[in-house]
Each structure stands twice: as C-alpha cells, then as structure tokens.
Amino acid sequence: MLFGRKKRKPILIPAKKVKEWKYTTCNYCSTGCAIEIGLDDDGKIVTSRGHARADVNRGKLCIKGILEHDLFHSPGRGSQPLMRATKQEKFQPASWDQALDTSAAKIREIQEKYGRDSFAVVSTGQLLTEEFYTLGKLVRGCIGTNNYDGNTTLCMASAVSGYKRSFGSDGPPGCYDDFEHTECLMAFGSNLPEQHPIIYWRLKEAREKRHFPMIVIDPRVTMLAQFADIHLPITPGTDCVLINAMLYVMFDEGLQDQAYIDAHTNGFEELKVTVADYDPIQAQHICGIDEDMIRHVARLYAKAGCAMSIWTMGINQSTHGSDGVANINNLNLVTGNIGKPGGTSLSITGQCNAMGTREWSSCSGLPGYRALKNTRHRQEIANFWGVDESFFPEKRGLTQTDIFPAIESGEIRGLWLVATNPLTSMANQPRIRKMFEKLDFLIVQDVYEDVETNEYADVFLPAAVWAEKEGCHTNTERRVNLTRNVIAPYGDSKPDFWIFNQMAKRFENGNKIYFPETPEGAFEEMKHLSIGAGRTLDISGMSYDKIEQAKGIQWPYSQGDDSLKGSPRLYTDGQYQTPDGRTNLISVKFRDNNEKPDEKYPFWCNSGRVVEHFHTRTRTGKIGNCNKFSPTPYMEINPDAAEALGVEHQTYVRLVSRRGDAVVLAQLTHRVPRDMVFIPFHFHDCVNRLTLGLLDPYSRQPAFKQCAVRIEQVDQVEAAQLNLERRSF
Ligand code: SF4
C-alpha cells in the first residue's frame, strides 16, 4: 500500500512561456533564499522559482517566496505621493517635488524650533543594504538627528547587544552548514518550520542524513518541538535560570573545555561564582524543568564533539534578552563551541535584511559596525563623506522604543517612518495611538498606502517594492545576496534609494556630500569603507556580478579574493573583536521583573509568527494564497482551560489585559499549556492591544511574549461582524 506523497500525482506546473529568468533574493525573512523571476516575451512576470544552485535554498521556497511575485500588483499599493494640510482632512495627490519640499521644510522648521534631535527617523529591516547606507548618510550627515533607529529593535536588538557584549562585535559566527556537522543542537524560543521554513528544511535534511539530538526549549509545543528528541516546556522568562543550571552541572562535573576557556575567555571565575547559586535542585522550581532533565541535557551538550545553539524571538523579545543571548554564548564558549564546524551560537535573524541595517544603516553608530563614541571611526566617516566630524553625535541617540515615549513627553515633535508600521507592531497599542496623535508632523514612506500607521501621516511617500529596485540583502549567516531590478516601480512609486537621494538635495549638507546615483555606486562606497582595520565585516572583495555568480557570498570576503567562497564562520582562530582579543563570559543573574498571571488575569499571553504572515501583514495580507490560510485573528487555548471557561472551538472570545482588549477566535489545542494562550502577532488591532512590552535594559527590545490576560465571552454575531470588517481590505 502506498502512503502520502507516493500516492499523489505529481504537481504539474503549467507552461508559462518564460523567455528570461532574472536573479533576486527573497524580501521576507532572513533565510535569504535566491529566487528567479520568470518573464515572458512581453516582459510580463509570469512565475518564479527557487534557484537550484543557490546554496541557501537549493531550489526550495516557502509559501511566501513562491507567491512573492504577486506583490507587484497587490491591492493597497501606493501609486503617487499624498499630502494633507491638517490631520482632519483627507489625503490629496501631490507631485514628488511638493511632497519632498514640504517634508524637508517641515523637518527643518521642527529642528530650528525645538533642536536637531526633535525630529526622529525610524526605519526597518526591509530595505536593500545600499538604501540603508544612503539613509544613514542622509540622517547622520544631512538631517543630523541622533534619534534614528530601525524596527529591528523590536526583533534583533538583543542578539546584537548580546553578541557585542560577548564577542566585542555583532555578527552571527555560524552558518547553515553547521547543521551538517553538529552532534547536538539546542533551539531556544525558535519555531523554525513556521518562522524560517527553508532553514528548517536544511536542518531536517541534515538530521535525515545523520541523526543528532535536537533539544527544543519553548513553553509551547511548537512545530519544531514536535520534531525534537527532547522538548523542555520552560516557564516563560526563565531561560537564564535553565542555562545557569546547565552551566552549574557542567562546572560541577568538570565537563567544560578548560583549554578553550583558558586560552580565549575573560570572566570565568566570576561566571563560576554566579552559577553556583543555580543548583538544579532549586532551579527546577523556577524554570519548570526537572532536575534530572537539566542534568541530562547539560551532559548531552557538553559531551558532544561539537554542539550548536540557535535562537529567535523567545530569547530576544524579553526583559533580559541581551542577557539571554550572552548566556547562550556562555554555554558555547565554555564548551569550546565557537568558530568550528557544528559548534556555534547562531541567532536566527528576523527580517530579510535585518543584518543589512545592523551593518550599514548607521542607526546605532556609523557604517560598517563603526561606533559613534570612537573618535577614529567618526573621523573616518566624516572624511569619507566630506562632513565636519563635529556634526556627528558622540553617542547613540534613542532607540525606537524610547522614541515613542519621547513623543509622548514632547521631546520629539516630528517623525519619518520608513517601511515600518508601529501602530500594529509596537506593544501597548492604545498608548502608541495617543503618541501618534501628539505628533506635529509625520511622514510615512511605504509600499502600501493602506498601511495602518498612514492614518496619522501628513505626507505619504509611495515606495517601490523588492525587485522593482536593485541592491543587496545580508542573511542570517552573513551571506550578501543580490536582487536585480526586474520590473519598473508600480505607478509613480519610487525606489527608497531615489527618495533618500532626492531628500538629501533639500538639505545644506546634501549639496556638499556626494550621493552615488546608483545602488551599485553606493555598494562601491560600502566596499571601500569595509577595507582593513581588523574588522570582521569586510565585503571589499565582492561585486554585484561576483555575488550573482556565487548566488551569495558570506563576509568577511576581502579585496583580491576571487574564490567566490566567502567565510562560513567567524572566530575560527579564537581571536575576538575585543581590545585584548579574548571573548567575555558574562555573568547573568535571573531577574523576575515581568508581568505574570494572577487571579484577575490568569493566563500567560504568548505570541509568535505563523508561516503565512510577515511584517504586520502589510504584504502577506494582500496575497490571496497567503491570506486565505490564516485570515482571522485567533488564539490557541488548551482544551482543559477552554472547558473550564465554557469556551468552544472556533467561537469568538474577548481577551482582556491591563492595557486593552482584543477579540479573537478560539482554537483548542494541546500545543499550549493550561495557563497560556498563544496569538499570531501580525494582526492589526490584536495582540498588541494587550501587550505590556517592558524593555530590556541593554537592547531596549520589548518583552512582547510575556503579559497576563483573562478571557471573557462575547456576542458571536458582533464578533463575527468585527472580523469581517477587519478582513475587508
Ligand atoms: Fe523567503 Fe524566508 Fe520563505 Fe525563503 S524561507 S522563501 S527567504 S520567506
């Protein structure tokens, strides 16, 4: 008898009459899949496919990538600039000159009246790297505000901060090829099959060839947890306790790699003292994982010839996300698992070009991982751009999560949002809405004019999307890959690169500084700025043609290197980016500082992504075949809890927190424990009406995944009507 796939007929792809395939990189998640877009005789896009010779995806794509070419003519696209004279009026069409002149004049007016930092810019992880570089030049070199950040603060800031504290520099040290070598993998708060399906496919394929233990740490029985050998359903927010207890076992039983510790680390004695307080006998009562299991996984990890950790938002989106990352790094450093095949500490990044913004946007510093507080770095960039060094601030300004409270308190009066939608993505939406009402002037630059935040914009700048423009992305494993320009921008929308260049011309410094006219010109500048100085971020040997030929190259890749191979791993020589070249073991103590369930609000509210969604659904919500699989805001609830409350499967309920409420459909499943609900986080007017979003002290990233809610019954007809209205776009 035949089961499954063998029984089905193969899927036949109809003849699309493709005349030419054009090379691109996926513009959704950070996996970095290479996509070829097929055009027919008339230059019309008729299909797309995963590139078979690209090392990342080897011909595969997830549902978002397969349908990505539907973006170009999806509903809600912005086709012309829009402006309104007062917040009460409707938008009116404007020319690009009118929209840019008004925006620049208003920025200058606000800065003259309230100071340079009273105007803020918040960007994204969605642009192409050359666009990030150009925006950085505009903001740091021309506009001159220090309150400039990316929405990556909502997803990756803790990983950046943890890497910097441990290794002295950002930059994930490992790669997907490590799955082929590792002898043990530990995944913290990462649901790869839904968040990064093609990375999961790489992992699954490696385990099918050669089984190795996979341990998944997650309070929810995620899809990845279902495939694990061991699932540790940890109590939310206690990862530091679990890791410290594992370190306790390793030190107690002498399982650490003392030679690596002695040769390459600082802080070992202090770490030993700290973890001495985390005996698994006590730790089990805090983290919810029993003593024997803690000992078992600690031994399994330490005794493996090589072991690796991966993590995503379960670690980063926490009040101690940066500590969590540093502690995962500790685990790998004390077992000698950095810089070797199968031994690494690999943060799985969120957005497609979160890495590009980290490397080149100047949000947290200056291009190429340069620091504002470093005089030499400031001078290098000032000289190269041709601005006075004193124009740069000497330390970083506010992050996105601090910019919004500064709007509330009146320090920030104007804001420019680029490809980000904080009205949906920020925690505590009722409070964020009030902040938008206080702004004197808001520019929204986005592909879609129906993006929710546009409700408060004075000027809307319509941007081109994905392959309507040209440039690079950097993926999770530091691979720089290229998107070729395949199709002209929709309507009168423009590439973000063009918009930044045009805006620069409207500022005094913009006429002194050279802005390259093409993305490739900007890439050449970035290459120049990456040469030498001992930094790992070196792209000086790359070119657009080389990148396309290799289907992506991993940095560092230096001038004169024609191998097209790049560098799969960092720190292979045990030399780190710290002053003494040694890495830091950071002692981490558990801080129990978040909202927890109580009598009034008895459920944990957890959130995450489902495979069909991305980036507050601005794009995926418009693509028919993505949207139709997950169109309705819902929550997972344990059947026992549902029964106790009289909640039935597929009925609507109201969730209430101390901040607000949200109506969702109940889905009964044993994936969540009895005291937890889980909600996909991309729906507007949903989970972020409930979240508290306390901030990590280092990274300023919000703890989206921990707050307390109660469940109430609602009128089913009214709730269904509300849901229909939500879906009406
Ligand atoms: Fe795109 Fe990520 Fe899907 Fe690959 S896994 S096709 S990069 S969304």
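**Backbone, strands and cysteines**

Q: Lysine 551 first: buried or exposed?
A: Lysine 551 is buried, with a relative accessible area of 8%. Bear in mind that this is a predicted model.

Q: What cut-off makes that "buried"?
A: Under 20% relative accessible area counts as buried. Lysine 551 has 8%, so it qualifies.

Q: And what is phi at lysine 551?
A: About 60°, a positive value, although lysine 551 is not a glycine.

Q: Where does lysine 551 sit?
A: In the loop between α22 (544-550) and β19.

Q: Which loop comes after β19, the one leading to β20, and what is in it?
A: Proline 556 is found in the loop between β19 (553-554) and β20 (583-584).

Q: What kind of peptide bond joins tryptophan 555 and proline 556, cis or trans?
A: Cis. Omega is about 0° there.

Q: Back to phi. What about asparagine 428?
A: Asparagine 428 has a positive phi near 60°, and it is not a glycine either. This residue lies in the loop between α18 (422-425) and α19 (429-438).

Q: Is that asparagine 428 buried or exposed?
A: Asparagine 428 is buried, at 13% relative accessible area.

Q: New topic: sheets. What is the strand order in the three-stranded one?
A: β1-β2-β3, in an open sheet with antiparallel pairing. The edge strands are β1 (20-25) and β3 (45-50), each pairing on one side only.

Q: How much are neighbouring strands turned against each other?
A: By 30° on average, with direction ignored.

Q: How many bridges join β1 to β2?
A: Six. Strand β2 covers residues 34-39 and runs antiparallel to β1.

Q: Which residue in β2 stands opposite tyrosine 23?
A: Glutamate 36.

Q: Now cysteines. How many disulfides?
A: Zero. The cut-off is a pair of cysteine sulfur atoms within 2.5 Å.

Q: Why does cysteine 184 have no bond?
A: Because its sulfur is 9.5 Å from the closest cysteine sulfur, in cysteine 306, which is too far.

Q: Where does cysteine 184 stand on burial, buried or exposed?
A: Buried, with a relative accessible area of 0%.

Q: And why no bond for cysteine 352?
A: The closest cysteine sulfur belongs to cysteine 26, and at 7.3 Å it is too far for a bond. Cysteine 352 is also buried, at 2% relative accessible area.

Terms used:
Residues are numbered from 1 along each chain as its sequence is written. This is a predicted model: local features need pLDDT of at least 70, side-chain atom pairs count only at pLDDT 80 or more; totals for chains, interfaces and linings use all residues. Side-chain values use heavy atoms; hydrogens and water are left out. Two strands pair if DSSP finds at least two bridges between them. Helices (H or I, at least four residues) and strands (E, at least two) are DSSP runs, numbered from the N terminus. Axes are lines fitted to C-alpha atoms, for helices over the stretch in contact, and angles run from 0 to 180 degrees between N-to-C directions. Buried means under 20% relative accessible area, exposed over 50%, partly exposed in between (1.4 Å probe, protein chains only).
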